[in-house]
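Colleague: I would like a close look at one part of this model, at the level of individual residues. Please take it step by step, and explain the terms as you go.

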Amino acid sequence: MIAIKKDNIKTQDTTILQTEDDVNNVRLFDHDVKLSPIFRNIQKEDGTIYSENIPEFNSVVRFHKDNPFKYTDVLSVQPTTYYPIKLRTLEKIATLLKKAGYEITGFGELKGNKLAYVELENSDLPELEFDGTSLKPKMWIGTSHDSSLALRSTIKVRDGVCINDFMLNYRSDLLFTAKHTKHCDIRLKKYANQIKMATDVINNYYDVVKLLQSTPWDRHNTETFFSNVLNAEKRPRKRTKNKVPYMTEPMYSGRHDKQLNDLFYAYENSPGQKERGHTLWRLFSSVTYWADHMITDKELKAGSNILNGTRARQKDKAFGLVNQYTLLGNTTS
């Protein structure tokens, strides 16, 4: 089973070692992952074929928990020094956090099952409400099976009015520290320390939100802001008419033009916007709404709007820009 030392995170740190399954885990995922050797076929001079192991690499395969010999997907190929975090380890972390007082509110897989996550809420964490906005934090735990994301915990804040999400300090580990070794030594932090660290991060974010909501925004500058978020640039475009090439007047690309129209729609019409008034918070919220809701199914399944995905980076850029605008005090001047 998964070895646990000091299994009481209410009062002390807890160490988890990744070994075999634990029947006491909450079951969130039907599948899990493991390493499998890779072979290549080699043909001899006489025409016979034999298989030879490639010792430098393993494949990360996905299998059903009820039938561990039935592989469903090869998720990635990795050096033999790589050890994936198993889904049962995420379940063990979630189980211990649930015992400490957290509530599991979501879980799933993205990026073609190469990224798995669990979300939890806790009534001890602060919330924030004002007209058009209702912010509630979630602890987010995730890991990838293609070496793109190490096991980590962070905070996702959801606005319940428009169901927009924003990830905070995703490079920090608020709930635990982890060593990516064969047995995956994970040290869950004491509950009081978890709550204190998370509360500090959340309240710092809320202070910024309140400042954004109190800072007016000049709507006439909105196109410039959105084009900066998208890295969209007006420039002459090469076109052909009656087989004769010509250059247009400066214009956005077709993709950026559509995205800008969608962002303007989000600014004017997404839930909560009228109540927020013409403020920097309304401006930022239009980007998070666009990134989370005006998105293709392909982008959503790829996790584009979380962590280091394209839409997530655009959220981060928008947040940085509105923070810069707060230094002006009144952006309508």
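Modeller: What follows starts with the whole chain and then moves to one pair of helices and a residue beside them.

The model is predicted, so local features are given only where pLDDT is at least 70 and side-chain atom pairs only at pLDDT 80 or more, while totals for chains, interfaces and linings use all residues. Numbering runs from 1 along each chain as its sequence is written, and side-chain values rest on heavy atoms, with hydrogens and water left out.

The protein chain has 8 helices and 15 strands (DSSP runs of H or I of at least four residues, and of E of at least two, numbered from the N terminus). Its length is 333 residues, and 48% of them count as buried (under 20% relative accessible area, against over 50% for exposed and partly exposed in between, with a 1.4 Å probe and protein chains only). Among contacts between residues at least 6 apart in sequence, 59% join residues at least 24 apart (contact means heavy atoms within 4.5 Å).

The helix pair is α3, residues 222-230, and α8, residues 310-326. Their axes come within 9 Å and cross at roughly 135° (lines fitted to C-alpha atoms, over the stretch in contact, with angles from 0 to 180 degrees between N-to-C directions). Because of that angle, α3 is oblique to α8 (under 35 degrees is roughly parallel, over 145 roughly antiparallel, 65 to 115 roughly perpendicular, and the rest oblique).

On the α3 side, the residues that meet α8 are Phe-225, Asn-228, Val-229 and Leu-230. On the α8 side, their partners are Gln-314, Lys-317, Ala-318, Leu-321, Val-322 and Tyr-325. By class, this contact of α3 with α8 has 7 nonpolar, 2 polar and 1 charged residues (Ala, Val, Leu, Ile, Met, Phe, Trp, Tyr, Cys and Pro are nonpolar, Asp, Glu, Lys and Arg charged, and the others, Gly among them, polar).

Within α3, the buried residues are Thr-222, Phe-225, Phe-226, Ser-227, Val-229 and Leu-230. Phe-225, Val-229 and Leu-230 therefore appear both among the residues meeting α8 and among the buried ones, as the 20% cut-off is applied. What covers the buried residues of α3 includes α4 (254-269), α6 and α8. Just after α3 comes Asn-231, with a positive phi of about 60°.

Helix α6, one of those covering elements, spans residues 280-293 and holds Asp-292. Asp-292 counts as buried because its relative accessibility is 10%. Its side chain makes a polar contact of 2.7 Å with the side chain of Lys-315 (N or O atoms within 3.5 Å; within protein, one able to donate a hydrogen and the other to accept it, with sequence-adjacent residues counted only if both atoms are side-chain atoms). The Asp-292 side chain also reaches the backbone nitrogen of Asp-165, at 2.7 Å.

Leaving out residues up to four places away in sequence, Asp-292 touches Ile-163, Asn-164, Asp-165, Leu-300, Asn-305 and Lys-315. From Asp-292 to Ile-306 there are 14 residues in sequence and 9.0 Å in space, C-alpha to C-alpha.
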